[in-house]
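User: Please explain the terms used for this model, and show in each case how the value meets the definition.

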Amino acid sequence: MAPPYVFLAHRAVLALTGPDTIAMLERLVTHGTSTWPPGDTRYGALLTPQGKVIADYLALRTDDGVLIDVAADALADLKKRLTLFRLRANVTITVRDDLFVIAGTAPAEQGPRPISGAAHVLVDPRFPGGRLRGLATEAEWQAWYGVHAAEWSLPLPDYHTDRIRHGVAEWGADFGAADVFPADINMDQLGGVDLKKGCFVGQEVVSRMHRRGKIRRRTLTVEGDQLEVGAALEAGSALGEITSVEGRMGLARVRIDRLAKADRSALTVGGHAVSVSAPAWLTAEIDASIADA
């Protein structure tokens with residue numbers, strides 16, 4: 001029986017090893033590292049000094065460093081920038097092109113558990129209940145299953161449907177380098193930003209946006225017919241834009257101050273009626289937006 005995972009050809013793995021790895025990341029990235037035990041997965045990003053996302057990623061703490069699961073098209077830039085920030089730190093940064101990424105689409109109710117054929121296991125914290133992800137080598141996978149992961153993989157649309165349903169934006173589909181602030185893609189709501197940690201690159205801008213309540217854009221799930229990437233979400237006027245689509249669901253980056261004033265029963269995309277998800281945190285922000293108006 002084929003294992004229930006999706007082969008993610010568009011993801012790649014970067015390894016950081018050496019005694020200064022955790023200390024270096026603590027001063028650079030959005031998530032906390034000071035109390036990060038081996039085997040735990042963190043969601044985070046490296047930002048520009050202006051507070052925009054260069055690349056977001058999932059990072060697994062290992063016994064000798066960190067493995068970073070990142071968009072393949074963002075890998076080279078992330079490696080280059082981390083290398084520039086390394087200075088005199090005793091950290092080795094290596095592309096692990098021997099590893100590929102697989103992802104589950106069901107809640108990881110038992111937490112981290114071994115995946116046959118995978119050398120490392122992550123639990124993606126962005127989803128309710130988490131999602132298992134594996135980092136595997138071709139040799140180990142072949143030893144278990146006799147075929148490459150791409151040959152038995154669940155359909156890639158299964159993965160995108162799951163992330164879109166839960167409001168999880170992805171680099172390369174919903175945004176690119178330096179396109180968005182962390183709040184634009186809900187990183188703060190998905191555990192990817194630690195506002196209580198020490199300084200990190202871009203922290204001043206991100207913290208000021210939160211302190212002053214200046215968050216204006218969020219990524220929300222839209223459901224309806226004939227959704228298209230790039231189409232406008234409207235309710236009399238434009239509220240946002242569709243960034244990715246799978247079937248009848250899509251993600252849209254939305255101006256929540258405009259959504260707060262809109263008639264949600266009149267939301268359309270391309271002239272077709274749609275609905276927009278409204279998690280509890282969004283309701284609170286819309287209320288704050290109205291009060292601030």
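User: Which elements each supply at least two residues of the lining of the largest cavity?

Analyst: Strand E7 (99-107), strand E9 and helix H5 each do so; helices (H or I, at least four residues) and strands (E, at least two) are DSSP runs numbered from the N terminus. The model is predicted, so local features need pLDDT of at least 70 and side-chain atom pairs count only at pLDDT 80 or more, while totals for chains, interfaces and linings use all residues. Residues are numbered from 1 along each chain as its sequence is written, and side-chain values use heavy atoms, with hydrogens and water left out.

User: What makes a residue part of the lining of the largest cavity, and which residues qualify?

Analyst: A cavity is a set of points on a 1 Å grid over the protein atoms alone where a 1.4 Å probe fits but cannot get out, and a lining residue has an atom within 4 Å of a point. The residues that qualify are Ala-103, Gly-104, Thr-105, Asp-124, Phe-127, Arg-131, Arg-133, Tyr-159, Asp-162 and Arg-163. By type, the lining divides into three nonpolar, two polar and five charged residues. Gly-104 counts as polar because Gly is placed in that class, whereas Ala, Phe and Tyr are nonpolar and Asp and Arg charged.

User: How many cavities does the search find, and what is the volume of the largest?

Analyst: The search of the whole structure finds one cavity of 30 Å³ or more. The largest cavity has a volume of about 40 Å³.

User: Why is the pair Arg-11 and Asp-69 called a salt bridge?

Analyst: The rule asks for a side-chain nitrogen of Lys or Arg within 4 Å of a carboxyl oxygen of Asp or Glu. For Arg-11 and Asp-69 the N to O distance is 2.8 Å, and the pair therefore meets the rule. Arg-11 lies in strand E2 (residues 11-17) and Asp-69 in strand E5 (residues 65-71), so this salt bridge ties together parts that are 58 residues apart in sequence. Both Arg-11 and Asp-69 are buried.

User: Which other salt bridge does Asp-69 form, and what parts of the chain does it link?

Analyst: Asp-69 also meets Arg-133 in a salt bridge, at 2.8 Å from N to O. Here Asp-69 in strand E5 is linked to Arg-133 in strand E9 (residues 131-137), 64 residues away. Arg-133 is buried, as is Asp-69.

User: How do you know that Arg-131 and Asp-162 form a salt bridge, and are the two residues buried or exposed?

Analyst: Their side chains meet at 2.8 Å, N to O. The pair joins Arg-131 in E9 to Asp-162 in H5 (residues 156-165), 31 residues apart. Buried means under 20% relative accessible area, exposed over 50%, and partly exposed in between (1.4 Å probe, protein chains only). Arg-131, at 4%, is therefore buried, and so is Asp-162, at 5%. In addition, salt bridges that share partners join Arg-11, Asp-69, Asp-124, Arg-126 and Arg-133 into one network. By the same rule, the count comes to 16 salt bridges.

User: Why is Leu-46 called buried, and which residues does it touch?

Analyst: Leu-46 has 0% relative accessibility and therefore counts as buried. Contact means heavy atoms within 4.5 Å. Not counting residues up to four places away in sequence, Leu-46 touches Leu-28, Lys-52, Val-53, Ile-54, Ala-55, Tyr-57, Leu-78, Arg-81, Leu-82 and Phe-85.

User: What makes strand E3 mostly covered, and how is E3 joined to strand E4?

Analyst: Seven of the seven residues of E3 (residues 41-47) are buried. Thr-41, Tyr-43, Ala-45 and Leu-47 point one way from E3, and Arg-42, Gly-44 and Leu-46 the other way. Two strands pair if DSSP finds at least two bridges between them. E3 and E4 (residues 53-62) are joined by seven bridges and run antiparallel, and they therefore count as paired. Among these partners, Leu-46 is matched with Ala-55 in E4. The hairpin of E3 and E4 has five residues between the strands, and Gly-51 there takes a positive phi near 90°.

User: Which class of accessibility do Ala-178 and Asn-186 belong to, and why?

Analyst: Ala-178 has a relative accessible area of 37% and is therefore partly exposed. Asn-186, at 3% relative accessibility, counts as buried. Ala-178 is found in the loop between H5 and helix H6 (203-211), and Asn-186 lies in the loop between H5 and H6 too. Phi is positive at about 60° in Ala-178, although Ala-178 is not a glycine, and near 65° in Asn-186.

Terms used: On a 1 Å grid over the protein atoms alone, a cavity is a set of points where a 1.4 Å probe fits but cannot get out, and a pocket is an open set with protein on both sides within 12 Å along at least five of seven lines; lining residues have an atom within 4 Å of a point. Grid points are joined across faces, edges and corners, and a volume is the space filled by probe spheres set on the points.
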